Amino acid sequence: MDFAALIYHRQAFLDGQWWLPFSAQFAHFNPVHALANLAGAILLWSLFRPWIRWQEQAFVMAGGMLGVALVVVWDAHCDYYAGASGALHGWAAGGAVLMAIRHFRKSRMAVWIAFALLAGLAIKLLLALGLETSPAVWGFPVYYPAHLAGAVGGLFPVLTHLRKPSWRTNSCQ
């Protein structure tokens with residue numbers, strides 16, 4: 001399969017390839033990029049697995065993907081995009097908030113892990129606000145607005161579904 005065809009290119013999107021903001025999140029610029037995103041996904045899955053059902057993890061990941069898709073479409077300066085890092089930020093943010101809320105009175109460890117993850121994520125996102133998109137580390141420029149949009153997108157499903165008792169109380173089993 002030609003993964004390059006999945007990468008978001010603004011002009012191709014404007015020419016009618018509406019799926020590119022979503023498909024780009026399954027494509028990567030190089031193997032190191034793909035492996036870094038895979039490692040992040042494995043880390044998040046391992047962290048949240050004891051605390052959050054896989055369906056809820058998928059739901060916050062989808063929120064992160066939607067956040068990324070919206071920002072790449074709305075930002076006229078984003079000419080191309082690929083990778084899952086923005087959606088992973090959504091998974092991290094949404095999963096941590098859900099974990100903290102659900103286990104607030106049950107497990108201090110779960111709450112501590114959730115708050116530590118949220119604090120680290122917030123610091124990372126704040127520091128990235130002042131960074132240029134230098135290709136020095138990854139071999140391509142990093143589009144930091146996708147990380148912030150993904151994090152906000154991952155929070156959205158959790159915050160809109162908190163009124164459902166099952167989101168507050170169900171265990172991960």
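Author: Before we start, helices here are DSSP runs of H or I with at least four residues, strands are runs of E with at least two, and both are numbered from the N terminus. The model is predicted, so local features need pLDDT of at least 70 and side-chain atom pairs count only at pLDDT 80 or more, while totals for chains, interfaces and linings use all residues. Residues are numbered from 1 along each chain as its sequence is written, and side-chain values use heavy atoms, with hydrogens and water left out.

Reader: OK, what pattern does the protein chain follow along the sequence?

Author: There are eight helices and two strands to place. Read along the sequence, they come out as β-α-α-α-α-β-α-α-α-α.

Reader: And what percentage of the 173 residues in the protein chain are buried?

Author: Buried means under 20% relative accessible area, exposed means over 50%, and partly exposed is in between (1.4 Å probe, protein chains only). Counted that way over the 173 residues of the chain, the buried share is 45%.

Reader: Of the contacts in the protein chain with a separation of 6 or more, what share joins residues 24 or more positions apart?

Author: A contact is a pair with heavy atoms within 4.5 Å. Take the contacts with a separation of 6 or more, and the share between residues 24 or more positions apart is 73%.

Reader: Now pockets, my favourite bit. Which helix gives the largest share of the lining of the largest pocket?

Author: A pocket is an open set of points on a 1 Å grid over the protein atoms alone where a 1.4 Å probe fits, with protein on both sides within 12 Å along at least five of seven lines; lining residues have an atom within 4 Å of a point. The largest one has a volume of about 680 Å³ (the space filled by probe spheres set on points joined across faces, edges and corners), and of its 30 lining residues, Ser-85, His-89, Lys-124, Val-142 and His-147 are the closest to the centre. At least two lining residues each come from H3 (31-48), S2 (80-81), H5 (85-102), H6 (108-128) and H7 (144-160). The largest share, seven residues, belongs to H3.

Reader: How many charged residues are in that largest pocket's lining?

Author: Ala, Val, Leu, Ile, Met, Phe, Trp, Tyr, Cys and Pro count as nonpolar, Asp, Glu, Lys and Arg as charged, and the others, Gly among them, as polar. The lining has 19 nonpolar and eight polar residues, and the charged ones number three.

Reader: Which helix gives the largest share of the second largest pocket's lining?

Author: This pocket holds about 240 Å³ of space, and Gly-63, Leu-66, Gly-67, Leu-70 and Gly-153 are the closest to its centre among 13 lining residues. By class, the lining has 10 nonpolar, three polar and no charged residues. H4 (54-74) and H7 each supply at least two of them. The largest share, eight residues, comes from H4.

Reader: Is Leu-66 buried, partly exposed or exposed?

Author: Leu-66 sits in helix H4, and its C-alpha is 8.5 Å from that of Gly-154, 88 residues away in sequence. Because its relative accessibility is 42%, Leu-66 counts as partly exposed.

Reader: How about Val-71, buried or exposed?

Author: Val-71 is also in H4. Leaving aside neighbours within four places in sequence, Val-71 touches Tyr-143, Pro-145, Ala-146 and Ala-149. With a relative accessible area of 17%, Val-71 is buried.

Reader: At what angle do H5 and H6 pack?

Author: Ten residues of H6 aren't needed to get the idea: the contact includes His-89 and Ala-92 of H5 and Lys-124 and Leu-125 of H6. By class, it has 15 nonpolar, one polar and one charged residues. Axes are lines fitted to C-alpha atoms, for helices over the stretch in contact, and angles run from 0 to 180 degrees between N-to-C directions. The two axes are 8 Å apart, at an angle of about 145°.

Reader: And which hand does the crossing of H6 and H7 have?

Author: The axes of H6 and H7 come within 10 Å and cross at roughly 145°, with Lys-124, Leu-125 and Ala-128 of H6 against Tyr-144, His-147, Leu-148 and Ala-151 of H7. A crossing is left-handed if the near helix is turned anticlockwise from the far one by less than a right angle, and right-handed if clockwise. For H6 and H7, the crossing is left-handed.
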